[in-house]
Amino acid sequence: MATEQPIVLVTGGSGLVGQAIRTIIEQESNAKYQFIFVSTKDGDLSNPDEARQIFEKYRPNYVIHLAAMVGGLFRNLKYNLEFLRTNLAINDNVLSLAKEFRVRKCVSCLSTCIFPDKTTYPIDETMVHLGPPHHSNFGYSYAKRMIDVLNHAYSDHFKNNSNDYGGSDKLPIFTSIIPTNVFGPYDNFNLEDSHVIPGLIYKAYNAIQDAKLKNSNTAKLLVFGSGRPRRQFIYSLDLARLILWTMENYNEIEPIILSVDENDEISIGEAAQMVADTFQRSYPDIRMEIQYDTNYSDGQFKKTASNAKLRQYLPEFHFTPMSDGIRDTVRWFITNYDVARK
Ligand code: NDP
């Protein structure tokens with residue numbers, strides 16, 4: 001008789017990261033698990049009754065918890081209270097239901113932008129709580145940090161009640177991952193509220209359309225700031241593979257940073273050049289010109305994160321070259337222009 005597949009519930013399943021997991025599952029035709037991807041269409045996870053209905057319907061064995069109220073700088077600044085309360089509620093509901101439904105492992109998502117504002121670099125997993133986050137997104141950051149606190153509280157609870165869970169070798173694991181800046185298909189490309197890569201892609205796309213309309217052979221890609229700040233970007237499909245690895249293999253309670261190597265940190269200017277080059281190849285008759293608007297502030301110069309812990313586990317993991325990830329994201333955006341979030 002065939003054994004039943006364990007059920008993996010992916011919250012935030014319609015978003016950038018959730019869709020990347022779906023793509024990898026489909027590519028690798030992973031029949032070991034049954035994946036269920038949920039979004040707000042299935043219920044509001046900040047509402048305890050709606051969250052419970054989802055768990056009752058699917059009765060998961062694993063949870064990959066991605067759902068969150070997310071947004072750019074200006075939305076965070078304006079709605080810190082909502083970011084704090086909504087995300088606290090989502091996380092408390094999901095984790096308490098994961099315990100109640102005896103999930104074997106719950107992997108939740110933190111972010112490098114929740115680290116202390118004043119810190120030393122590179123940042124690592126031990127530094128999450130070592131000082132206040134940047135004031136602009138303190139609501140989002142403290143709600144995310146509380147996931148780590150909850151994970152430790154649940155872990156203590158499981159250890160202190162190990163008999164209820166069939167002994168110490170069968171205890172559930174509640175843990176978390178910390179991705180750096182993610183980009184890829186299904187991102188939010190909105191010009192006012194997007195992260196840097198999808199914002200550049202949409203701007204470059206508009207510049208090309210504008211040039212075509214005006215019969216011009218030059219398209220201007222405007223970059224906010226000097227282009228000098230440096231960031232580590234992770235392609236969403238690489239992140240998806242690493243999240244699936246975490247679900248199957250990572251058994252620590254402490255978070256793990258999922259990031260490219262420190263040497264792969266690139267400047268915003270270099271990222272903009274890759275976006276421009278990608279469009280240039282598709283539209284050889286139009287020359288892409290990058291311009292920097294230094295009236296905009298640069299933000300933090302660097303936020304380098306160490307992936308040493310990940311490298312101890314997976315020294316050979318191959319990250320998609322940034323230019324290939326950008327090329328595939330641009331292709332996806334052009335092909336799916338009508339349905340892309342923007
Ligand atoms: P998206 O904004 O692309 O997706 C958010 C997801 O959460 C959507 O599926 C959305 O559903 C769902 N969601 C939001 N609010 C609720 C709610 N109240 N109830 C149920 N579902 C809800 O986010 P990403 O994929 O970019 O991010 C996934 C995770 O990764 C988040 O936890 C985020 O904090 C973290 N992260 C992201 C980074 C990035 O660069 N993007 C960097 C580091 C961490 P719907 O589509 O229906 O609205």
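The following conversation goes through the ligand site, a surface patch and the salt bridges of a predicted model.

Student: Which residues come nearest to the ligand?

Tutor: The ligand has 27 residues around it, and Ser14, Thr40, Tyr140, Lys144 and Arg341 come nearest.

Student: What is the distance from the side chain of Ser14 to an oxygen atom of the ligand?

Tutor: An N or O atom in the Ser14 side chain is 2.5 Å from a ligand oxygen. The backbone takes part as well: a polar backbone atom of Leu16 lies 2.9 Å from an oxygen atom of the ligand, and for a polar backbone atom of Leu66 the distance to a ligand oxygen is 2.8 Å.

Student: How much of the ligand does the protein cover?

Tutor: On its own the ligand has 910 Å² of accessible area, and the protein covers 85% of that.

Student: Which helices and strands supply at least two residues of the shell?

Tutor: Two helices and a strand do so: helix 1 (16-27), helix 5 (138-160) and strand 6 (181-183).

Student: And what is the make-up of the shell by class?

Tutor: The shell around the ligand consists of 13 nonpolar, 11 polar and three charged residues.

Student: Changing topic to the surface, which residues form a nonpolar patch there?

Tutor: The patch is formed by Leu73, Phe74 and Leu77, which together have about 320 Å² of accessible area. Leu73 belongs to helix 3, residues 73-78.

Student: Is Leu73 buried or partly exposed?

Tutor: Leu73 is partly exposed, since its relative accessible area is 47%, and the partly exposed range lies between 20% and 50%.

Student: Where is Phe115, and is it buried or exposed?

Tutor: Phe115 sits in the loop between strand 4 (105-109) and helix 5. Its relative accessibility is 4%, so Phe115 counts as buried. As a further reference point, 34 Å separates the C-alpha atoms of Phe115 and Gln34, which are 81 residues apart along the chain.

Student: Now the charged pairs. How many salt bridges are found in the whole structure?

Tutor: The search finds 14 salt bridges. One of the pairs is Arg241 with Glu28, whose closest N and O atoms are 3.6 Å apart.

Student: Why does that pair tie together parts that are apart in sequence?

Tutor: Arg241 lies in helix 7 (residues 236-249), whereas Glu28 lies in the loop between helix 1 and strand 2 (34-38), so the bridge connects parts 213 residues apart in sequence. Arg241 is partly exposed at 31% relative accessible area, and Glu28 also counts as partly exposed, at 45%.

Student: Which residue does Asp238 form a salt bridge with?

Tutor: Asp238 forms a salt bridge with Arg241, and the closest N and O atoms are 3.7 Å apart. Arg241 therefore pairs both with Glu28 and with Asp238.

Student: How far apart are Asp238 and Arg241 in helix 7?

Tutor: They are three residues apart, and therefore about one helical turn separates Asp238 from Arg241. Asp238 is buried, with a relative accessible area of 2%, while its partner Arg241 is partly exposed.

Student: What about Glu289 and Arg287, which meet in a salt bridge: what is the N to O distance?

Tutor: The N to O distance between the side chains of Glu289 and Arg287 is 3.2 Å. Glu289 is partly exposed at 24% relative accessibility, and Arg287 is partly exposed with a relative accessible area of 47%.

Student: Finally, which residues are linked in a network of salt bridges?

Tutor: Asp324, Arg327, Asp328 and Arg331 make up such a network.

Conventions:
Residues numbered from 1 in each chain as written. Predicted model: local features only at pLDDT ≥ 70, side-chain atom pairs only at ≥ 80, totals over all residues. Heavy atoms only, no water. Near = heavy atom within 4 Å. Polar contact = N/O pair within 3.5 Å; in protein donor to acceptor, adjacent residues only side chain to side chain. Areas by Shrake-Rupley, 256 points an atom, 1.4 Å probe, with all protein chains shown as cover. Helix = DSSP H or I, 4+ residues; strand = E, 2+ residues; numbered from the N terminus. Nonpolar A, V, L, I, M, F, W, Y, C, P; charged D, E, K, R; others polar. Patch = residues over 30% accessible without salt bridge, like charges linked within 9 Å, V, L, I, M, F, W, Y side chains within 5 Å. Salt bridge = Lys/Arg side-chain N within 4 Å of Asp/Glu carboxyl O. Buried < 20%, exposed > 50% of the residue type's maximum accessible area, 1.4 Å probe, protein only.
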